[in-house]
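Here is a short report on the fold, its sheets and a few residues that deserve a second look. Keep the structure open while reading.

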Amino acid sequence: MGKYFGTDGFRGEAGKILTADHAYNIGRFLGAHFKKNYGDRPRIAIGKDTRRSSYMFEYALASGITSSGADAYLLHVTTTPSVSHIVRTDGLDCGIMVSASHNPFYDNGIKLINRYGEKMEESLIEKIEDFLDGNTPPPDFATGEEIGCSVDYVSGRNRYVGYLISLGVYSFKGLRIGLDCANGSAWHIAKSVFDALGATTYVINAQPDGTNINEKAGSTHIEELQKFVKNNKLDVGFAFDGDADRCLCVDEKGNVVTGDHILYICGKYMYEQGELFNNTVVTTVMSNLGLYKAFDRLGITYTKTAVGDKYVYDYMTKNGCRLGGEQSGHIIFSKYATTGDGILTSLKIMEVLLARKKTLSMLSEGLIIYPQKLVNIRVTDKTEVVENSDIKNAVKEVSVWLGNSGRVLLRESGTEPVIRVMAEADTSEKCNKAVDVLVKIIKDKGFSI
């Protein structure tokens, strides 16, 4: 992770941590970089979520891009995976998504996507950070007919919607499906896709006003969708986050279906269909022990990466894997996308549900989730916490105490000044005790804010 860009872009409070000046200079650097290295007039896509500040950053980025002689292709309010898809399929030079994902509205972020629809290379991000710090000279401004222009590219977003519809293997006719769009990027896309496939669609949190994105809504507040599915007797519900690159589900009984459940359901189905290349599902270190035990019983192998879908995708591409993801709902189907895509994930769950002629709760059978507790602690210095010898010793002692019946994990957030303390065990009591011990020592050492 660099000074500005974490595991999922440059993120922080809009106007304070992340400013319009940052956006302008990022756009200016990218336009000049691609013009210098690839010639002609570069084409850079920009998408945004529904935050009030997203419009400010969109225009600042476009100003920087066009001032350096490149064209800004505006997808307007759209999802992160749609930017990835359009850059890749339409042959654009790179893509930018303005979003802070699941964060509250006052935060925002800038995510960079390379010409292959993947997360931007670290080598280029390092150059951008040097430019932001004034360590490299600014590029010349374009003049005359060399000045770039902004292009309304809503047609690209619409083609992405068409692509999603084309992936519907079965008709959804007769099914009652709930969608929680988090008042974010999915608010007008998800319903269009499910309606086109024949579903009777019920939508909540699809009235964005610039300040209500993720507010008691979406995958981070899935209890709203749980109530909605039960009260309306729906067959299934899907909850997206602010930029719709993740998806969690609710079964017909109102139970939450996490990213680990999705990996289990889709992994098992792909294995049975002979589509699970290398017989491997790629997970992160946050996946539940119960998932691994279920895979062991099925004869499916798995691997663990660092937290972040960029690390999951990197392993998948290097090893030819077709399925990977995170417990939080970032799921990657590499045959169809180069990043996590919440709406695509919901379609793949529907495919399994209809192919197997089972309810979502039935598809989850065979996966026993171990009790897990996660506590986030805001700290003064993340690195000092994880490197402190007393805290390291405490982690070892707790791990020995848990033995084979559980585990503990201490890790830095990639986007916030936060340490995440997580424990799993065969009982909730053990989880609570393990987490409490580590939280106490972090606080006693004076690291918590």
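## A buried charge

Glu-129 is buried but makes no salt bridge. The nearest side chain of opposite charge is that of Lys-3, 8.2 Å away. For a salt bridge, the nitrogen and the carboxyl oxygen must be within 4 Å, so this pair does not count. This is a predicted model. Glu-129 belongs to helix 4, which spans residues 122–132. Which residues does Glu-129 contact, leaving aside its neighbours within four places in sequence? They are Gly-2, Lys-3, Tyr-4 and Phe-5.

## The seven-strand sheet

One open sheet has 7 strands in the order 1-2-6-5-3-4-7. Its pairing is mixed. Strand 1 (5–6) and strand 7 (150–152) are the edge strands, and each pairs on one side only.

Strand 5 sits between strand 6 and strand 3 in that order. Strand 3 and strand 5 run parallel and are joined by 5 bridges. Strand 5 and strand 6 run antiparallel, with 4 bridges. In strand 5, Cys-94 is the bridge partner of Ile-44. Gly-95, also in strand 5, stands opposite Ala-45. Towards strand 6, Met-97 stands opposite Lys-111.

Is strand 5 mostly covered or mostly open? It is mostly covered: 5 of its 5 residues are buried. In a regular strand, side chains alternate between the two faces of the sheet. Here Cys-94, Ile-96 and Val-98 point one way, while Gly-95 and Met-97 point the other way. Both sets are buried.

## An enclosed helix

Why is helix 3 described as largely enclosed by the rest of the structure? Helix 3 covers residues 80–90, and 9 of its 11 residues are buried, so the rest of the structure largely encloses it. The buried residues are Thr-80, Pro-81, Ser-82, Val-83, Ser-84, His-85, Ile-86, Val-87 and Asp-90. Their cover includes strand 3 (43–48), strand 4 (71–77), strand 5 (94–98), strand 6 (107–113) and helix 5 (154–166). After helix 3 comes Gly-91, with a positive phi.

## The five-strand sheet

A further open sheet has 5 strands in the order 9-8-10-11-12, again with mixed pairing. Strand 9 (200–204) and strand 12 (256–257) stand at its edges. Each has a single partner strand, so one side of each is left without a neighbour in the sheet. Helix 7 (residues 223–231) packs on this sheet. Helix 7 touches strand 8 (176–180), strand 9, strand 10, strand 11 and strand 12. Its direction makes about 160° with that of strand 10.

Strand 10 (residues 236–240) pairs with strand 11 (residues 247–250) in the antiparallel sense, over 4 bridges. Gly-237 has Val-250 of strand 11 as its bridge partner.

## Positive phi

Most residues other than glycine have a negative phi. Asn-205 is not a glycine, yet its phi is positive. Ala-244 is likewise a residue other than glycine with a positive phi. The table sets both beside Gly-91, which follows helix 3.

| Residue | Phi | Place |
|---|---|---|
| Gly-91 | near 70° | after helix 3 |
| Asn-205 | about 55° | loop between strand 9 and helix 7 |
| Ala-244 | near 60° | loop between strand 10 and strand 11 |

Are the two loop residues buried or exposed? The cut-off for buried is under 20% relative accessible area. Asn-205 has 19%, so it counts as buried. Ala-244 has 0% relative accessibility and is buried as well.

Definitions and conventions. Residues are numbered from 1 along each chain as its sequence is written. This is a predicted model: local features need pLDDT of at least 70, side-chain atom pairs count only at pLDDT 80 or more; totals for chains, interfaces and linings use all residues. Side-chain values use heavy atoms; hydrogens and water are left out. Buried means under 20% relative accessible area, exposed over 50%, partly exposed in between (1.4 Å probe, protein chains only). Helices (H or I, at least four residues) and strands (E, at least two) are DSSP runs, numbered from the N terminus. Contact means heavy atoms within 4.5 Å. Two strands pair if DSSP finds at least two bridges between them. Axes are lines fitted to C-alpha atoms, for helices over the stretch in contact, and angles run from 0 to 180 degrees between N-to-C directions. Lys and Arg count as positive and Asp and Glu as negative; His and the chain ends are not counted.
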